[in-house]
Amino acid sequence: MKVAIVTKKLEEVAADALVVGLHAEEKKLPEGLARVDRAAGGQVKAALDAEKFKAKAGQVTHVHALGRRVVVAGLGPRAETTAEVVRRAAAAGVRRARDLGAVTVACEVLGDRLPARQRAQAVVEGAILGTYAFERYKKEKADRVVEELRVVEPDGRRGREVAEGVRRGEAFARATALARDLINAPANELKPADLARTASQLARDKRLSIHVYERAECMKLGMGAFLGVAAGSAAPPKFIHVTYSPAGRPSGAPAGRRRKRVALIGKGITFDSGGLDLKTSEGMLRMKYDMAGAAAVLGVLGAVADLKLPIEVHGLIAATENMPSGTATRPGDVLRAMNGTTIEIGNTDAEGRLTLADALCYAAARVKPDEVVDLATLTGACVVALGPLCAGLMANDDALAKRLLDAADLAGERLWRLPLIDEYREHLKSDIADLNNVGPRGGGAITAGLFLKEFAGDMAWAHLDIAGPAFTEKELPLAPKGATGAAVRTILTYLTS
């Protein structure tokens, strides 16, 4: 979908469909909709009255007027307007226009309660994400596609704000779409080497630096935990390090002061069978999505480059499959992580934390970030605790945790902080090694977080368990069935703020 900004009155814009917003419980039409109604000879208001349209948040209706479709998107009560309300209204409105056959859609910067930049960003995000489809493997593609979104700024007074919002909205939405594409791809076409090639192509396109470590290099680095997970697969593992470094020094900063450095670690299990502790067939079905954290990191790195953020960002991905074979790690085996910590394998299906452990060690030794955030489809326990629409957050730094929670709220993604209860550290004790990789079922998401905390060391660290929201089995306001690209917009909001 191409996105353009048009400085005209909505009713004057050439487009197959117009999308305009309406708040609930208001007696007269807002200015933009009132102008469209006057141009249409009162047809719009007559249709809304006849339908008794309530303009509830997410509700849409349409009218054939002015020789095209006029789509009215409900925004709910004005006092309750948030960026997420605008995002979902734009998604529903543009989706309705698409279903009516519109190829070009003009949409006003919906609402008026929030700053224009924030609303413009939400409109673009909603339009792109709300019409996303993954059809790579279908012979018959959808015949109804919106090719261009025209964001309307009638008088040009807020042109700079709208332009910045549109720029951010495009970057955020396309980053999320990239993550969705990677997650939706089947595991036979997205092995660790394919993920590394995708990262290398992204680095070339966005002028990022990249180093892909092969198995031998990982052995020299001492990544025994990561390589232990990879031992059962015929597909070679890849440790991927992508770096965004902005040119010049920060505006107003004195010479010699280095930029803030952030490391993002994405779990990159391209398929998780469970290893020798094999999953059930039902539990294994969607395990191509176990690299959703890695996909999110790659999406974020591309957007960071597009937005030219004044911070240094490192993306780290320990990519491998977790497979059963004669060479696979066994329950009871002991692995040695990069920092020398020994780990007894209580369950081979608790593999993600092993790969993340070595990635955290690498970050501490080689990157030395000011802050590190890992994103992982880590535990079913987090899904049990928070359901399919909310990610879990654990952190050893309250300020970092608060910034991530605030970012998630602005991005419209649900995130809930779980405690790192020190007493649960006992659950990770091993009789023969420094740690066991699993604890009891109760508090499983927290014990996984405590395991990772052991390898975060002195770094300001946060862990996002996105096992629930990374994949949806039903259509959502901003995503069809399949991958959602969870946490991409949260991390980008955190980085941009």
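**Surface, fold and nonpolar cores of the predicted chain**

The chain exposes about 20800 Å², of which carbon and sulfur atoms supply 50%. The structure is a predicted model, and of its 497 residues 58% count as buried. Charged side chains comprise 70 positive and 61 negative groups, and the centres of these two sets lie 5 Å apart.

As regards secondary structure, the chain contains 15 helices and 19 strands. Its radius of gyration is 24 Å, close to the 23 Å that the globule rule gives for 497 residues, so the chain is as compact as a globular protein of that length. Along the principal axes, the C-alpha atoms fill a box of roughly 80 × 60 × 45 Å. When the contacts in the chain with a separation of 6 or more are considered, 77% of them are accounted for by residues 24 or more positions apart.

The interior was then examined for nonpolar cores. The largest nonpolar core has 66 residues, and those with the most contacts inside it are Leu-264, Leu-404, Ile-491 and Leu-495. Helix 10, spanning residues 292–307, contributes the largest share of this core, with 12 residues. For Ile-491, once neighbours within four places in sequence are left aside, the contacts are with Leu-264, Val-300, Val-373, Leu-375, Leu-404 and Leu-464; of these partners, Leu-264 and Leu-404 are also listed among the residues with the most contacts inside the core. Apart from the largest core lies another, of 47 residues, which includes Ile-269, Leu-354, Ala-357 and Val-367.

Conventions
Residues are numbered from 1 along each chain as its sequence is written. Side-chain values use heavy atoms; hydrogens and water are left out. Helices (H or I, at least four residues) and strands (E, at least two) are DSSP runs, numbered from the N terminus. The radius of gyration is taken over C-alpha atoms; the globule rule is 2.2 Å times the number of residues to the power 0.38. Buried means under 20% relative accessible area, exposed over 50%, partly exposed in between (1.4 Å probe, protein chains only). Contact means heavy atoms within 4.5 Å. Accessible areas come from the Shrake-Rupley method with a 1.4 Å probe; for residues, only the protein chains shown count as cover. Lys and Arg count as positive and Asp and Glu as negative; His and the chain ends are not counted. The place of a charge is taken as NZ of Lys, CZ of Arg, CG of Asp or CD of Glu. A nonpolar core is a set of buried Ala, Val, Leu, Ile, Met, Phe, Trp, Tyr and Cys residues joined through side-chain atoms within 4.5 Å.
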